[in-house]
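Open the model in your viewer and keep the selection tool at hand. The tour goes from one selection to the next and says what to look for at each stop.

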Amino acid sequence: AVIIANVNIKYDPGRVIFDVYRGNTDSGELLFTDTSVVAEYYWRAEINQFYSVKARYSCKGRVIYVVDGAMLKTKLESSACDEKCYTIHGDVLDARLKY
């Protein structure tokens, strides 16, 4: 499935450095570190795993971290489609700085 990490690029002149983990940010496996210049960053991930993101913002001389995480899973839906289909849950992580 595809996970989306939402970040806020109005700080740290238009880029956000972030880490992606399988598991929690404090005890999980670091999958990668990247820099985003867009508000939505996409990557492919395995289903039935917990993922978290930690974004680093520099604002007014301070460093602020924003963390979010979710279990990426599918759910069988029988009423949402004409036939049986699956929906994906936990595919959006919100690492936006909101102040």
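Is Asn-48 buried or exposed? This is a predicted model, and in it Asn-48 has a relative accessible area of 53%. The cut-off for exposed is over 50%, so Asn-48 counts as exposed. Select Asn-48 and follow the chain to either side: the residue sits in the loop between β4 and β5. Its backbone is also worth a look, since phi of Asn-48 is near 65 degrees, a positive value in a residue other than glycine.

**The open sheet**

Next, switch to a cartoon view and select β2, β3, β5, β6 and β7. These five strands make an open sheet in the order β3-β2-β5-β6-β7, and the pairing is antiparallel. Colour residues 29-36 (β3) and 85-89 (β7) to mark the edges. Each of these two strands has a single partner, so one side of each is left without a neighbour in the sheet. On average, neighbouring strands of this sheet are turned by 20 degrees against each other, direction ignored.

Now keep β2 and β5 alone. They pair in the antiparallel sense over six bridges. For one position in detail, select Arg-22 and look across to Tyr-51 in β5, which stands opposite.

**Ser-52**

Move to Ser-52, also in strand β5. Its relative accessibility is 2%, and the cut-off for buried is under 20%, so Ser-52 counts as buried. Show its side chain together with the backbone of Thr-25: the Ser-52 side chain reaches the backbone nitrogen of Thr-25 at 3.3 Å. Then display the surroundings. Leaving aside neighbours within four places in sequence, the residues in contact with Ser-52 include Asp-19, Val-20, Tyr-21, Gly-23 and Asn-24, as well as Asp-68, Gly-69 and Leu-93.

**The nonpolar core**

For the last stop, select Ile-3, Trp-43, Val-53 and Tyr-57. The largest nonpolar core has 22 residues, and these four touch the most other members. At least two residues of this core come from each of β1 (2-6), β2 (16-22), β4 (40-44), β5 (49-59) and β6 (62-77). The largest share, five residues, is supplied by β5. In soluble globular proteins, nonpolar side chains tend to be buried together.

Finish by centring the view on Ile-3. Which residues does Ile-3 touch, not counting those up to four places away in sequence? They are Tyr-41, Tyr-42, Trp-43, Ala-45, Tyr-51, Leu-72, Asp-91 and Leu-93.

Conventions
Residues are numbered from 1 along each chain as its sequence is written. This is a predicted model: local features need pLDDT of at least 70, side-chain atom pairs count only at pLDDT 80 or more; totals for chains, interfaces and linings use all residues. Side-chain values use heavy atoms; hydrogens and water are left out. A nonpolar core is a set of buried Ala, Val, Leu, Ile, Met, Phe, Trp, Tyr and Cys residues joined through side-chain atoms within 4.5 Å. Buried means under 20% relative accessible area, exposed over 50%, partly exposed in between (1.4 Å probe, protein chains only). Helices (H or I, at least four residues) and strands (E, at least two) are DSSP runs, numbered from the N terminus. Contact means heavy atoms within 4.5 Å. Two strands pair if DSSP finds at least two bridges between them. Axes are lines fitted to C-alpha atoms, for helices over the stretch in contact, and angles run from 0 to 180 degrees between N-to-C directions. A polar contact is a pair of N or O atoms within 3.5 Å; within protein, one must be able to donate a hydrogen and the other to accept it, and residues adjacent in sequence count only if both atoms are side-chain atoms.
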